[in-house]
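Here is my note on the model, set out as numbered points. I begin with the cysteines and then move outward to the elements and rings around them.

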Amino acid sequence: MVIQKLIYTVFSLLGVLAFSAETVMAVPLPNKKPFAIPAHDSQARSEQTKFDGPAKEYFGAHRTPASLKAESYGSYAKGCIAGAVEMPKNGTTWQVMRLSRNRNWGHPKLVAFLQDLAGQAPSLGWNGLLVGDMSQPRGGPMLTGHASHQVGLDADIWLRPLPEKRFTPAQLEKVSAISMLKGPMDVAGADRSVDPEIWTPAHAGLIKAAAQHPEVARIFVSPAIKKELCEFETGENRDWLRTVRPWWGHHYHFHVRMKCPAEDKSCKNQPAPPRGDGCGSELGWWLSDEPWVPKPKKPGEKKKVTPKKPPLEVIDLPTQCTKVLLAN
């Protein structure tokens, strides 16, 4: 009888242990260490964890902005925007391209800047602006393309003027931008310059006008365009050239980045560009073979594979972005 009770006790304990193990195994483990969030933001943390999967899928699904006060949150490549406004599709001196993408949204200050620049364009010999991608209605990561353009403060302006006869809705989706390059950049000894048959002083004048705006933080252009702008400016005031930065691509359009509005305390600016006009050794590197032409592999050398970064998730973004997603 004593032996039977002992056996029963042993099996009961084993059953409890088995149940405990199954219970532990059933609890999903986090796939990453979450950002530290203050105790008073525990509700925001709880709401963030409701979103499972790439953040771009949630932000890309919204067709309208968050009905909140206009404010940018986070950094240009990791953030969102509340209360974004739409850049009107047509104006006296502009048209918005690729309307099907629904990326003609931004902070009110960006929209005001674009309209002001468009109004100034004819006096610069530029008929008007063709506005490319800005941000999605609630900003955030995009389904395709840009890593930045997330906080409603970035805009692409085509290096092609508004035509005398407006583009039709079908043309807005199909007409191509025009490359300013003389030839390919990735050939050894290439002439990395703009094509003089395409580039005009009006191109340079438009970029200069944009760079001189006090709220513009940076303008990204092809190194070939930066080179041309350095030669274009013959006056003593070369300060605006500091704002124009050489970068990959950007030979079909120039990318304007506005400063964070002073009142948007949760918006994070980039560090200021390096001092100087950027026309010296830094530009020389961009125009050399080094950044463009792959070095020949040594015998037996394996190709280096760079691990692909996982897409941003909602938990990677500022907590305010959850409020932006959940707002009406």
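1. Cys279, at 23% relative accessibility, counts as partly exposed, because the buried class ends at 20%. Its bonded partner, Cys230, has 12% and therefore counts as buried. The model is a predicted one, and the values discussed in this note should be read with that in mind.

2. The link between these two cysteines is a disulfide with an S to S distance of 2.0 Å. The torsion about the S-S bond of Cys230 and Cys279 is about -85 degrees, so this disulfide is left-handed. Cys230 belongs to helix α7, whereas Cys279 is found in the loop between β11 (253-258) and α8, so the bond ties together parts that lie 49 residues apart in sequence.

3. Helix α7 itself, which spans residues 223-232, deserves a closer reading alongside that bond. Its buried residues are Pro223, Ala224, Ile225, Lys226, Leu229 and Cys230, so that a lysine appears in the list together with the bonded cysteine. A general point helps in reading such a list: an α-helix has 3.6 residues a turn, so residues three or four places apart point the same way. The cover over the buried residues of α7 includes α6 (201-211), β9 (216-221), β10 (244-246) and α8 (281-287).

4. How many disulfides does the model hold? The count comes to three, and, with bonded cysteines counted along the chain, they follow the pattern 1-6, 2-5, 3-4. The bond already discussed, Cys230 to Cys279, is accompanied by one from Cys80 to Cys321 and one from Cys260 to Cys267.

5. The disulfide of Cys80 and Cys321 has an S to S distance of 2.1 Å and, with -100 degrees about the S-S bond, is left-handed. The pair links distant parts of the chain, since Cys80 is in strand β2 and Cys321 in helix α9, 241 residues apart. Both Cys80 and Cys321 are buried.

6. The disulfide of Cys260 and Cys267 likewise has its sulfur atoms 2.1 Å apart, and the torsion of -65 degrees about the S-S bond makes the link left-handed. Cys260 counts as buried at 9% relative accessibility, and Cys267, with a relative accessible area of 11%, is buried as well.

7. Strand β2, which carries Cys80, covers residues 78-82 and is mostly covered, with four of its five residues buried. Strand β1 (residues 71-75) runs antiparallel to β2 and is joined to it by five bridges. The two strands form a hairpin with two residues between them, and within this pairing Ser72 stands opposite Ile81 of β2.

8. Where does the chain go after helix α9 (320-326), the helix that holds Cys321? Ala327 is placed in the segment that follows α9, and Ala327 is buried, with a relative accessible area of 17%. The C-alpha atoms of Ala327 and Ser67 are separated by 6.6 Å, although the two residues are 260 residues apart along the chain. Leaving aside residues up to four places away in sequence, Ala327 touches Ala66, Leu68 and Arg138.

9. The structure holds seven aromatic pairs. One of them is formed by Phe51 and Tyr58, whose rings are 4.9 Å apart centre to centre with 80 degrees between the planes, an edge-to-face arrangement. Phe51 is buried, with a relative accessible area of 15%, whereas Tyr58, at 25% relative accessibility, counts as partly exposed. The rings of Trp285 and Trp286 have their centres 5.2 Å apart and their planes at 80 degrees, so this pair is edge-to-face too.

10. Is each of these two tryptophans buried or partly exposed? Trp285 counts as partly exposed at 35% relative accessibility, while Trp286 counts as buried at 7%. Both are members of one aromatic cluster, which is formed by Phe220, Trp247, Trp248, Trp285, Trp286 and Trp292.

11. A last point concerns a charge and a ring. The charged end of Arg257 sits over the ring of Tyr76, at 4.3 Å from the centre of that ring.

Notes. Residues are numbered from 1 along each chain as its sequence is written. This is a predicted model: local features need pLDDT of at least 70, side-chain atom pairs count only at pLDDT 80 or more; totals for chains, interfaces and linings use all residues. Side-chain values use heavy atoms; hydrogens and water are left out. Buried means under 20% relative accessible area, exposed over 50%, partly exposed in between (1.4 Å probe, protein chains only). Two strands pair if DSSP finds at least two bridges between them. Contact means heavy atoms within 4.5 Å. Rings of Phe, Tyr and Trp (its six-membered ring) pair if their centres lie within 6.5 Å; planes under 30 degrees apart count as stacked, over 60 as edge-to-face and the rest as tilted. A charge sits over a ring if NZ of Lys or CZ of Arg is within 6 Å of the ring centre and within 35 degrees of the ring normal. A disulfide is a pair of cysteine sulfur atoms within 2.5 Å.
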